[in-house]
Every structure is written in structure tokens, then in C-alpha cells.
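I opened this notebook to keep a record of what I looked up in one model, entry by entry. The topics are backbone angles, salt bridges, a surface patch and empty space.

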Amino acid sequence: MLWNKPKSVRQIGDIPGRSKVYIEDYVIRFAKKLARESKGEEKGAVLLGTSFTYEESKIYLISGIVEIRGFSGRTSPELSQDMWERIYTEIKENFTDLEVTGWFYTSRGIGVKDASRLLEIHKRNFQHRDKVLYLYEEAGQEDGIFLYRGGKFEKQRGYYIYYEKNPEMLHYMEKEAERHVHVVEQEDDRVLRNIRGIMAEKEEQKRQRSQKDSKLSYGVGVMVAMIVMLLGAAALKNQNTLNQVKDQLSRLQQMALGEQNPEGTTVETMGSSLVKKENASPAAADTVNNVSGGAASQEKTTPSPVPSPKKE
């Protein structure tokens with residue numbers, strides 16, 4: 001078979017052996033774009049091109065790629081009939097004279113544990129298993145080419161990236177970019193609607209909270225008024241009780257004074273002498289005072305006798 005090798009080629013790694021993989025630059029760009037947009041979810045795509053033997057070497061020439069819609073939401077390793085119908089519809093609408101030459105897979109954090117799962121997907125979906133698996137790990141931004149041989153994958157030590165005019169792939173990329181913008185706009189509208197819904201819900205919660213606070217404030221006010229009234233009544237009752245206590249204390253004090261002076265002591269003044277009368281009633285005290293007053297006046301009016309001179 002005659003084959004015109006691409007003129008502009010960049011070699012990635014070492015390429016020994018008889019299998020050589022050529023991937024067009026637009027295919028690499030689109031695959032890495034899917035990886036960036038995956039947001040951690042796995043993504044899959046079908047690689048398109050031709051495969052043939054040239055100078056005893058198996059050549060894989062990949063010039064197209066079509067995303068597998070709903071790949072992350074599948075329920076089994078095997079792609080559904082609807083998924084394959086959509087893949088072939090997009091191939092027919094965007095590419096000519098290209099066949100399925102392999103598939104692309106990307107995910108965040110691809111490890112050894114994923115090898116058996118990827119091998120099962122490969123066996124279940126590709127009848128001619130000599131297909132290419134182009135693997136890209138988005139977190140580490142590392143890629144690799146694998147070929148199916150002897151029931152397992154063999155990682156190729158290198159591959160070629162070639163550059164040439166590829167209008168079909170360019171058109172598909174532009175169409176997908178517009179679709180992605182439309183999807184992003186729809187997503188933005190959905191996010192805005194969700195934000196508006198959240199804001200409306202917050203406003204409703206705020207209104208209900210305000211009504212609840214108003215009712216609570218009214219209830220608190222009524223409770224405070226009742227407490228004030230109760231305290232006032234208690235204070236008034238306490239004042240009456242206090243007055244009663246004062247009256248009782250006054251009576252007890254008077255009784256105590258009576259017990260200290262049970263016989264009643266009266267002090268009288270007669271001239272310059274003090275006379276203490278015991279058991280004298282108030283009336284008797286008045287009589288004594290009157291008599292002593294009369295005697296005192298008599299003492300003042302009666303002249304004292306003149307003593308006789310003492311004889312020697």
C-alpha cells in the first residue's frame with residue numbers, strides 16, 4: 001500500500017517495534033479538552049481513522065474523535081445500543097471515510113486497579129480487538145497509548161503527533177464548542193434559578209422568623225406586665241404586713257417597759273431634799289406635790305426664832 005507520511009510530525013518517546021500510532025493534533029486537543037471538562041468524572045470517546053500495514057509495520061492513523069454521550073452514567077461495561085447509534089450518527093454527520101480505530105478514556109486518578117475494568121470495556125465493545133486505547137490521566141496530565149495483544153494491554157513506549165489540515169475535525173470541534181457554550185448557558189440559567197429559589201426561600205424564612213419574633217415580643221411584653229402587676233401586689237401586701245409587724249413590735253416594746261417598772265416609782269422634790277415614794281399612785285403624787293408646795297410656802301413666811309446668846 002502506498003502511503004504519504006505526514007510531513008509535519010512530532011515524536012513522543014521511543015517507538016521501537018512494528019506498530020506505529022499517529023494521532024492528529026486536533027484529536028489530542030479535543031481529548032484533553034474533554035478531560036478538563038470532566039470535573040473528576042470519567043469520560044469516553046471513539047477514535048476514528050484508518051489502520052493498515054506499511055513496510056511490514058502496522059500503522060494506526062487517527063484523525064477524528066467523537067465523544068460517547070452518557071459514558072459516565074452507564075450501568076455496565078458494554079455500551080448500550082442507543083449510545084452506539086448516536087456515535088454512528090455523529091460519525092456520519094461530521095466525517096467521511098473513517099472507521100473506528102480505538103477509543104479514548106480519561107478520569108482523575110487512574111490506577112492499576114482500573115486496568116482490568118478498562119480491559120473488560122475494550123473486550124465487550126470492540127469486535128476486532130486490535131484497537132488503540134488512548135489513556136489520559138487528568139490530574140497528573142499524563143497520557144499513554146495501549147494496544148491489545150494476547151488478551152491484555154501493552155503500553156507503547158511512544159507515538160507520533162502529526163499536523164496537517166483537518167477541516168472535518170475542526171468543524172466538529174467548533175460545533176462541539178458551540179454546544180458546550182449552550183450547555184454552559186443552560187447550566188448558568190439553572191444555577192441562577194436555583195440561586196433565586198434559595199434567595200426566595202431565605203426571604204420567606206426571614207419573614208416567618210420576623211412574625212415569630214413579633215409574636216414572641218408581644219408574649220414577652222404581656223409576661224413582663226403580668227410580672228410587674230404581681231410584684232406591685234406583692235409589694236403592697238408586704239407593706240401592709242410591714243406595718244402590722246411595726247405595730248406588734250411597738251406593743252411588745254411597751255409591754256417590756258411595763259415589766260421593768262412594775263411598782264411605779266415616783267420622785268418628789270421637797271425643798272432641797274429628794275424624797276422617793278414607793279407604790280405611789282399618780283393621784284397620791286399630785287396630793288403630795290400640793291402639800292409640799294404649801295409647806296414650802298409656809299416655811300418661807302414663818303420667821304425662824306432668834307437663838308439666845310449662850311451664857312458662859
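**Entry 1: backbone angles in loops**

I began with Glu56, which is exposed because its relative accessible area is 61%, above the 50% cut-off. I kept in mind throughout that I was working on a predicted model and that local features are given for residues with pLDDT of at least 70. What drew me to Glu56 was its backbone, since the residue has a positive phi of about 65° although it is not a glycine. I then looked up where Glu56 sits, and found it in the loop between strand E3, residues 43-54, and strand E4.

Asp97 came up in the same search, with a positive phi of about 55° in a residue that, again, is not a glycine. The loop that holds Asp97 runs between helix H2 and strand E5, the latter covering residues 99-107. Asp97 counts as exposed because its relative accessible area is 76%.

**Entry 2: salt bridges**

How many salt bridges does the count come to? I noted 15 salt bridges, and I went through several of them by name.

The side chains of Arg117 and Glu42 meet in one of them, at 3.2 Å from N to O. Arg117 belongs to helix H3 while Glu42 is in the loop between helix H1 (25-37) and E3, so this pair ties together parts that are 75 residues apart in sequence. I also checked how each partner is covered: Arg117 is partly exposed at a relative accessible area of 32%, whereas Glu42 is buried at 16%, which is under the 20% cut-off.

Next I looked at Glu120 and Arg124, whose side chains form a salt bridge of 3.3 Å, N to O. These two residues are four apart in helix H3, so about one helical turn separates them. Both fall between the cut-offs for buried and exposed: Glu120 is partly exposed with 32% relative accessible area, and Arg124 is partly exposed with 39%.

I then turned to Glu154 and Arg149, where the salt bridge has an N to O distance of 3.5 Å. Glu154 is partly exposed, with a relative accessible area of 30%, and Arg149 is partly exposed as well, with 34%. Beyond the pairs, I recorded one network in which salt bridges that share partners join Lys43, Glu67, Arg69, Glu90 and Glu176.

**Entry 3: a nonpolar patch**

On the surface I found a nonpolar patch formed by Met223, Ile227 and Leu231, which together have about 320 Å² of accessible area. Met223 lies in helix H4, which spans residues 167-260. I counted Met223 as exposed because its relative accessibility is 53%, over the 50% cut-off.

**Entry 4: the cavity**

Which residues line the largest cavity? I listed Val66, Glu67, Ile68, Arg69, Met83, Arg86, Ile87 and Glu90. The elements that each give two or more residues to this lining are strand E4 (57-67) and helix H2 (81-94), and H2 gives the most, with four residues. By class, I noted four nonpolar and four charged residues in the lining, and no polar ones.

The volume of this largest cavity is about 30 Å³, and the count of cavities of 30 Å³ or more comes to one. Reading this entry against the second, I saw that Glu67, Arg69 and Glu90 belong both to the lining of the cavity and to the salt-bridge network.

**Entry 5: the second largest pocket**

Last, I looked up the second largest pocket, which has a volume of about 250 Å³. Its lining consists of 16 residues, and those that lie nearest its centre are Ile110, Gly111, Leu118, Leu135 and Phe146. I then asked which elements supply at least two residues of that lining, and noted helix H3 (115-125) together with strands E6 (132-137), E7 (142-149) and E8 (152-155). Sorted by class, the lining of this pocket has nine nonpolar, two polar and five charged residues. Helix H3, which contributes here, is also the helix that holds both Glu120 and Arg124 from the second entry.

Conventions
Residues are numbered from 1 along each chain as its sequence is written. This is a predicted model: local features need pLDDT of at least 70, side-chain atom pairs count only at pLDDT 80 or more; totals for chains, interfaces and linings use all residues. Side-chain values use heavy atoms; hydrogens and water are left out. On a 1 Å grid over the protein atoms alone, a cavity is a set of points where a 1.4 Å probe fits but cannot get out, and a pocket is an open set with protein on both sides within 12 Å along at least five of seven lines; lining residues have an atom within 4 Å of a point. Grid points are joined across faces, edges and corners, and a volume is the space filled by probe spheres set on the points. Ala, Val, Leu, Ile, Met, Phe, Trp, Tyr, Cys and Pro count as nonpolar, Asp, Glu, Lys and Arg as charged, and the others, Gly among them, as polar. Patches are made of residues with over 30% relative accessible area and no salt bridge: like charges are joined within 9 Å, nonpolar side chains (Val, Leu, Ile, Met, Phe, Trp, Tyr) within 5 Å. Accessible areas come from the Shrake-Rupley method with a 1.4 Å probe; for residues, only the protein chains shown count as cover. A salt bridge is a side-chain nitrogen of Lys or Arg within 4 Å of a carboxyl oxygen of Asp or Glu. Buried means under 20% relative accessible area, exposed over 50%, partly exposed in between (1.4 Å probe, protein chains only).
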